[in-house]
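Q: Please take a close look at one part of this model, the surroundings of its bound molecules, and go through it in order. Add whatever else helps a newcomer to read the fold around it.

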Amino acid sequence: MTTKQILYPSTKLWMAAIKPPMYSVAIMPIWVGTAVAFAETKVFNGAVFSTFVIAAILILAWENISNDVFDSETGIDQNKHHSLVNLTSNKPLVFWIGNLCLGLGLLGILAIAFWQQDLTVIAIILLCCVLGYMYQGPPFRLGYQGLGEILCFFAFGPLAVEAAYYSQTQTWSMTSLAVSVIVGIATTLILFCSHFHQVKDDIAAGKRSPIVRLGTQKGAQVLVWFTASIYPLTLLFVLLGISPGWTLLSWVSLPFAVKLCRHVQENHNQPDKVSNCKFIAVAVHFWACLLFGLGFIL
Ligand SMILES: C/C(=C\COP(=O)(O)OP(=O)(O)O)CCC[C@H](C)CCC[C@H](C)CCCC(C)C
Ligand SMILES: O=C(O)C1=CC(=O)c2ccccc2C1=O
């Protein structure tokens with residue numbers, strides 16, 4: 001990086017650091033859980049939904065901001081120019097901005113708990129935050145052992161979707177628990193894709209991601225099955241009467257799924273070309289979850 005780039009990071013670097021499209025990940029579990037709640041009970045609390053969405057975005061911001069702080073301590077991000085710590089050269093500031101986001105996000109969830117006079121939702125989200133910390137924070141750093149995908153599936157799938165359903169109805173639902181698998185898989189797909197371009201740095205830092213363990217070629221093959229599983233699963237839920245036929249609208253995301261698999265198959269061992277694949281996975285996640293949830297409302 002030139003002196004100017006260090007002193008005045010480009011907008012492109014800041015956008016890469018903030019990665020706005022990634023926040024679909026925080027919104028969709030709340031959307032799907034709320035959509036299932038409305039379909040089953042005709043209950044929709046707009047204040048709870050909007051508060052939950054904002055809180056989820058803030059909590060995910062904490063996850064990403066603190067990720068850069070914790071990764072700066074292992075050296076794994078030394079070549080990541082869009083790390084907030086590298087961009088600002090002020091790790092304490094980044095750390096406390098992240099904690100502010102977490103605090104504000106949890107305040108929003110506490111507001112829901114207060115409105116409901118019920119600690120269930122805050123308890124679930126605190127568990128999600130624990131999983132999020134254990135993924136990257138000392139002394140756990142479970143992501144470095146390749147366990148991130150498991151944590152991600154449960155945090156953004158069953159836990160977040162059920163928390164959203166409960167926030168609307170104060171009851172539980174086997175339907176929302178079942179369909180949370182779709183959200184969990186679609187979200188975990190993004191994390192799985194995020195490793196392809198980082199194999200060299202991950203190995204150097206001792207991070208045994210699934211792609212470090214499998215290799216990029218086998219990882220690209222696993223990606224196809226992983227991505228494809230979304231679609232027969234949504235069909236199975238319809239055939240079993242768990243979700244309405246309109247949820248097959250989620251198949252509109254198929255072109256993005258095909259693009260993702262082809263792109264990674266062709267470029268799996270070319271870091272500069274495959275580095276954007278997680279954002280193609282975000283497109284799969286966004287359209288699949290948005291239309292899947294819409295299918296419950298129609
Ligand atoms: C930060 C995450 C992945 C990126 O990790 P990596 O170290 O590869 O990053 P860079 O490549 O950019 O350096 C996300 C990890 C997700 C984690 C396993 C679980 C997070 C849980 C959330 C805190 C829960 C949010 C719940 C909300 C929807 C209510
Ligand atoms: O920066 C990233 O690679 C990711 C950020 C993020 O918040 C997230 C959330 C859920 C699944 C994957 C990811 C990322 O890959």
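**Ligand surroundings and the helices around them**

A: An oxygen atom of ligand 2 is placed 2.8 Å from an N or O atom in the side chain of Asn 64. This is a predicted model, and the distances that follow are to be read as such. Two lysines also approach ligand 2 through polar atoms. For Lys 19, a side-chain N or O atom is 2.5 Å from an oxygen atom of ligand 2, and for Lys 278 the distance from a polar side-chain atom to an oxygen atom of the ligand is 2.8 Å. On its own, ligand 2 has 340 Å² of accessible area, and the protein covers 88% of this.

The residues that surround ligand 2 can now be named. From the earlier part of the chain come Lys 19, Met 22, Val 25, Leu 60 and Asn 64. Cys 152, Phe 156, Thr 187, Ile 190, Leu 191, Ser 194 and Lys 278 complete the shell. Sorted by class, it holds 7 nonpolar, 3 polar and 2 charged residues. Three helices each give at least two residues to this shell: H4 (46–72), H8 (148–169) and H9 (174–193). Which of the helices gives the most to the shell around ligand 2? It is H9, with 3 residues.

Ligand 1 has its own shell, made of 23 residues. Those that come nearest are Asn 67, Asp 71, Lys 80, Tyr 135 and Gln 198. Two of these residues reach oxygen atoms of ligand 1 with N or O atoms of their side chains: the distance is 2.9 Å for Lys 80 and 3.1 Å for Asp 71. Lys 207 has a side-chain N or O atom 3.4 Å from an oxygen atom of ligand 1. Taken alone, ligand 1 exposes 760 Å², of which the protein buries 95%.

By class, the residues around ligand 1 are 11 nonpolar, 6 polar and 6 charged. The helices that each supply at least two of them are H4, H7 (120–136) and H8. H4 provides the largest share, 6 residues. Helices H4 and H8 are thus named for ligand 1 and again for ligand 2.

Two buried residues in helices can be added here. Gly 157 has its place in helix H8. With 0% relative accessibility, Gly 157 counts as buried, because the cut-off for that word is under 20%. The C-alpha atom of Gly 157 is 7.4 Å from that of Ile 182, although 25 residues separate the two along the chain. Ala 281 is in helix H16 (residues 277–297), and it too counts as buried, at 0% relative accessibility. Between the C-alpha atoms of Ala 281 and His 81, which are 200 residues apart along the chain, the separation is 22 Å.

The loops contain some backbone details. In the loop between H7 and H8 lies Pro 139. The peptide bond that leads from Pro 138 to Pro 139 is cis, with omega near -5 degrees. Arg 141 is found in the loop between H7 and H8 as well. Arg 141 has a positive phi, about 45 degrees, although it is not a glycine. Is Arg 141 buried or exposed? Its relative accessible area is 16%, so Arg 141 is buried.

Lys 42 is another residue that has a positive phi without being a glycine, here about 60 degrees. Lys 42 sits in the loop between helix H3 (24–41) and H4. With a relative accessible area of 59%, Lys 42 is exposed.

Helix H12 (residues 216–228) shows how burial is arranged along one helix. At 1.5 Å a residue, the 13 residues of H12 should span 18 Å, and this agrees with the 18 Å between its end C-alpha atoms. The buried residues of H12 are Thr 216, Gly 219, Ala 220, Leu 223, Phe 226 and Thr 227. Seen down the axis of H12, these buried residues fall within an arc of 120 degrees, so they line one face of the helix. An α-helix has 3.6 residues a turn, so residues three or four places apart point the same way. On the other side of H12, Gln 217 and Trp 225 are exposed.

Conventions
Residues numbered from 1 in each chain as written. Chains lettered and ligands numbered in written order. Predicted model: local features only at pLDDT ≥ 70, side-chain atom pairs only at ≥ 80, totals over all residues. Heavy atoms only, no water. Near = heavy atom within 4 Å. Polar contact = N/O pair within 3.5 Å; in protein donor to acceptor, adjacent residues only side chain to side chain. Areas by Shrake-Rupley, 256 points an atom, 1.4 Å probe, with all protein chains shown as cover. Helix = DSSP H or I, 4+ residues; strand = E, 2+ residues; numbered from the N terminus. Nonpolar A, V, L, I, M, F, W, Y, C, P; charged D, E, K, R; others polar. Expected span 1.5 Å × (residues − 1). Buried < 20%, exposed > 50% of the residue type's maximum accessible area, 1.4 Å probe, protein only. Arc of directions from axis to C-beta.
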